[in-house]
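Here's a quick briefing to read with the model open next to you. Grab a coffee and scroll along.

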Amino acid sequence: MSLDNLRDLYQQVILERYKKPRYRGKTDPVDRYQKGHNPSCGDTIELTVHLNEAGDRIEDVRFEGEGCAIAMASADLMAEAMRGRSVEEALGMIQRFQNMMQGKDEFPHEFRKLNVMQGVSQFPVRIKCATLTWHTLRAALEAATPQPAGFVSNE
Ligand code: ZN
């Protein structure tokens, strides 16, 4: 895909997800809760995760919070991609997303929607907006036990 096409798609997807998020809200039940904050932009994300009984697979992820279009769109796209993933797969995807923001990796065809976020890597000050929700999910998944008030800051 040419850079111009990617840029158009990037803007389209981000605006669409920002205006009409599909995964805003809270999971039922809440097996993990994690709050994340990006002080450089003011984005705040509250993630809730519903895991399977064994605790090794994500059934649902929902987000609430306020922030810029990039932070909110990234959260919505992430929530969509994470449904049905094992915790191990999810942690691998989080790492891959961070690598992608440094221009070092991208997602396979199955997750190509996430690749539109590559557009953000052209704007270094906005990378923290895009990665906030991914940092927050990692903290939620790595918590050994459900925690009612986890908090992560990417500063
Ligand atoms: Zn932001």
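P29 sits in the loop between α1 (3-19) and β1 (32-38), where helices (H or I, at least four residues) and strands (E, at least two) are DSSP runs, numbered from the N terminus. The peptide bond leading into P29 from D28 is cis, with omega near 0°. For background, most peptide bonds are trans.

A word on ground rules: this is a predicted model, so local features need pLDDT of at least 70 and side-chain atom pairs count only at pLDDT 80 or more, while totals for chains, interfaces and linings use all residues. Residues are numbered from 1 along each chain as its sequence is written, and side-chain values use heavy atoms, with hydrogens and water left out.

**Overall layout**

- The protein has five helices and four strands, and from the N terminus on they run α-β-β-β-α-α-α-α-β.
- Of the 155 residues in the protein, 48% are buried; buried means under 20% relative accessible area, exposed means over 50%, and partly exposed is in between (1.4 Å probe, protein chains only).

**The zinc site**

- The zinc ion gets its protein donors from C41 (SG), D43 (OD), D43 (OD), C68 (SG) and C129 (SG), at 2.2 to 2.6 Å.
- Donors here are N, O and S atoms within 2.8 Å of the metal (3.2 Å for Na, K and Ca); water is not among the atoms, so sites may look incomplete.
- Along the sequence, the donor residues follow the spacing C-x1-D-x24-C-x60-C.
- D43 belongs to strand β2 (residues 43-51) and C129 to helix α5 (residues 127-142), so this pair ties together parts that are 86 residues apart in sequence.
- How accessible are the donor residues? D43 is buried at 0% relative accessibility, C129 is buried at 1%, and C68 counts as buried at 14%. C41, in contrast, is partly exposed, with a relative accessible area of 36%.
- How many disulfides does a search of the whole structure find? The count is zero, using the rule that a disulfide is a pair of cysteine sulfur atoms within 2.5 Å.

**Helix α5**

- The 16 residues of α5 should span 22 Å at 1.5 Å a residue, and the C-alpha atoms at its ends are indeed 22 Å apart. The expected span is 1.5 Å times one less than the number of residues.
- There is a bend of about 30° in α5 at T133, taken as the angle between axes fitted to the seven residues ending there and the seven starting there.
- Buried residues in α5 include C129, A130, T131, L132, T133 and W134.
- A139 is in helix α5 too, but this residue is partly exposed, with a relative accessible area of 24%.
- The C-alpha atoms of A139 and R32 are separated by 9.6 Å, though the two residues are 107 residues apart along the chain.

**Helix α2 and what follows**

- Helix α2 (residues 69-82) has 14 residues and reaches 20 Å from first C-alpha to last, close to the 20 Å expected at 1.5 Å a residue.
- In α2, 13 of the 14 residues are buried, so the helix is largely enclosed by the rest of the structure.
- After α2 comes G84, whose phi is positive, near 85°.
- As a rule, most residues other than glycine have a negative phi.

**Aromatic contacts**

- The model has four aromatic pairs, counting rings of Phe, Tyr and Trp (its six-membered ring) with centres within 6.5 Å; planes under 30 degrees apart are stacked, over 60 edge-to-face, and the rest tilted.
- Y10 and F123 make a stacked pair, 6.5 Å centre to centre with 20° between the planes.
- That pair links distant parts of the chain, with Y10 in helix α1 and F123 in the loop between α4 (112-115) and α5, 113 residues apart.
- Y10 is buried, at 6% relative accessible area, whereas F123 is partly exposed at 38%.
- F97 and W134 are also stacked, at 4.2 Å centre to centre and 10° between the planes.
- This second pair joins helix α3 (residues 87-101), home of F97, to helix α5, home of W134, across 37 residues of sequence. Both F97 and W134 are buried.
- Ring pairs connect F97, F107, F111 and W134 into a cluster.
- R96 has its charged end over the ring of F107, 5.9 Å from the ring centre; the cut-offs are NZ of Lys or CZ of Arg within 6 Å of the ring centre and within 35 degrees of the ring normal.
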